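Ready for some practice at reading a protein model? Grab a pencil and work through the exercises below, one step at a time.

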Amino acid sequence: MPRVTGLAHITLSVRDRDASIEFYRSVLGFKEYKTRDGKQWLLTECRHPCGVVLGFIQHKDQFKATFDHRRTGMDHVAFQVGSLGELDYWEDRLTELDIDHSPVVHSDNGSMIQFSDPDGIQLELFCPAELGSDEA
C-alpha cells in the first residue's frame with residue numbers, strides 16, 4: 001500500500017476569512033502563509049510555528065450559519081500542548097483574552113481545554129496523559 005507521510009493541511013469553511021485569520025493569529029500564533037482567491041471563494045493558508053497548516057476558505061455563496069459539530073463532517077480540531085503546565089498557561093491566556101472556554105478537564109487519555117473560534121468551530125488544547133504524568 002502507498003504510504004501517507006503526514007497531514008498536509010486542514011481547510012476550514014468560515015463566514016469571514018479575515019476575522020478567522022485574526023483570531024487564529026492573535027489567540028494561537030498562526031501566521032499568514034499563502035493567499036489564493038477565486039471568483040467564488042477567498043482562501044488563505046496560515047502556518048503555525050509547530051508546522052500545522054490551516055486554510056480558511058470563505059465561499060461567496062455561503063449560508064452564514066455557524067458551525068455545528070453534530071452535522072456530518074468535522075467534530076473539532078485539537079492542538080497538542082507539551083505539558084500540564086502549558087495547559088494551565090493556556091487556560092489563563094484564554095481568560096485574559098475573554099474567550100469563553102471550559103476549565104481544564106482530566107481523563108485517562110489526557111487533559112484538555114475546549115473553546116470555539118468566531119464561527120463556532122470547536123477547538124481543543126490537549127495534553128496526552130503520557131506527557132502530563134511527568135508532572136504529577
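**Exercise 1. Find out whether serine 107 is buried, partly exposed or exposed, and say where it lies.**

Step 1. Start with the accessibility: serine 107 has a relative accessible area of 45%. Buried means under 20%, exposed means over 50%, and partly exposed is in between (1.4 Å probe, protein chains only). So serine 107 is partly exposed.

Step 2. Now place serine 107 on the chain: it sits in the loop between E6 and strand E7 (110-116). Helices (H or I, at least four residues) and strands (E, at least two) are DSSP runs, numbered from the N terminus.

Step 3. Check a distance. Serine 107 and proline 128 are 21 residues apart in sequence, and their C-alpha atoms are 9.4 Å apart in space.

Before you go on, a word on the ground rules: this is a predicted model, where local features need pLDDT of at least 70 and side-chain atom pairs count only at pLDDT 80 or more, while totals for chains, interfaces and linings use all residues. Residues are numbered from 1 along each chain as its sequence is written, and side-chain values use heavy atoms, with hydrogens and water left out.

**Exercise 2. Work out how many helices and strands the protein has, and in which pattern they follow.**

Step 1. Count them up: there are three helices and eight strands.

Step 2. Walk along the sequence, and you get β-α-β-β-β-β-α-β-β-β-α.

Step 3. Put a box around the C-alpha atoms, along the principal axes: it comes to roughly 55 × 45 × 30 Å.

Step 4. Look at burial for the whole protein: of its 136 residues, 34% count as buried.

**Exercise 3. Decide whether serine 20 and leucine 87 are buried or exposed, and list what they touch.**

Step 1. Serine 20 is in helix H1 (residues 17-28). Its relative accessible area is 1%, so serine 20 is buried.

Step 2. Leave out residues up to four places away in sequence, and serine 20 touches Val14, Phe56 and Asp119. A contact means heavy atoms within 4.5 Å.

Step 3. Leucine 87 belongs to helix H2 (residues 84-96). With a relative accessible area of 0%, leucine 87 is buried too.

Step 4. With the same neighbours left out, leucine 87 touches Val81, Val104, Ser111, Met112, Ile113, Leu125, Phe126 and Cys127.

Step 5. Try a distance as well: leucine 87 and glycine 6 are 81 residues apart along the chain, and 25 Å separates their C-alpha atoms.

**Exercise 4. Say what is special about the phi of aspartate 98, and where this residue is found.**

Step 1. Aspartate 98 isn't a glycine, yet its phi is positive, at about 60°.

Step 2. On the chain, aspartate 98 is found in the loop between H2 and strand E6 (105-106).

Step 3. Aspartate 98 counts as exposed, because its relative accessibility is 71%.

**Exercise 5. Describe histidine 59 and its surroundings.**

Step 1. Histidine 59 is part of strand E4.

Step 2. Its relative accessible area is 29%, so histidine 59 is partly exposed.

Step 3. Not counting residues up to four places away in sequence, histidine 59 touches Ser13, Val14, Gln40 and Trp41.

Step 4. Leucine 42 is 17 residues from histidine 59 in sequence, and the two are 6.5 Å apart in space, C-alpha to C-alpha.

**Exercise 6. Work out how many positive and negative side chains the protein has.**

Step 1. Learn the rule: Lys and Arg count as positive and Asp and Glu as negative, while His and the chain ends are not counted.

Step 2. Tally them: 14 are positive and 23 are negative.

Step 3. Compare the centres of the two sets, which lie 14 Å apart. Each charge is placed at NZ of Lys, CZ of Arg, CG of Asp or CD of Glu.
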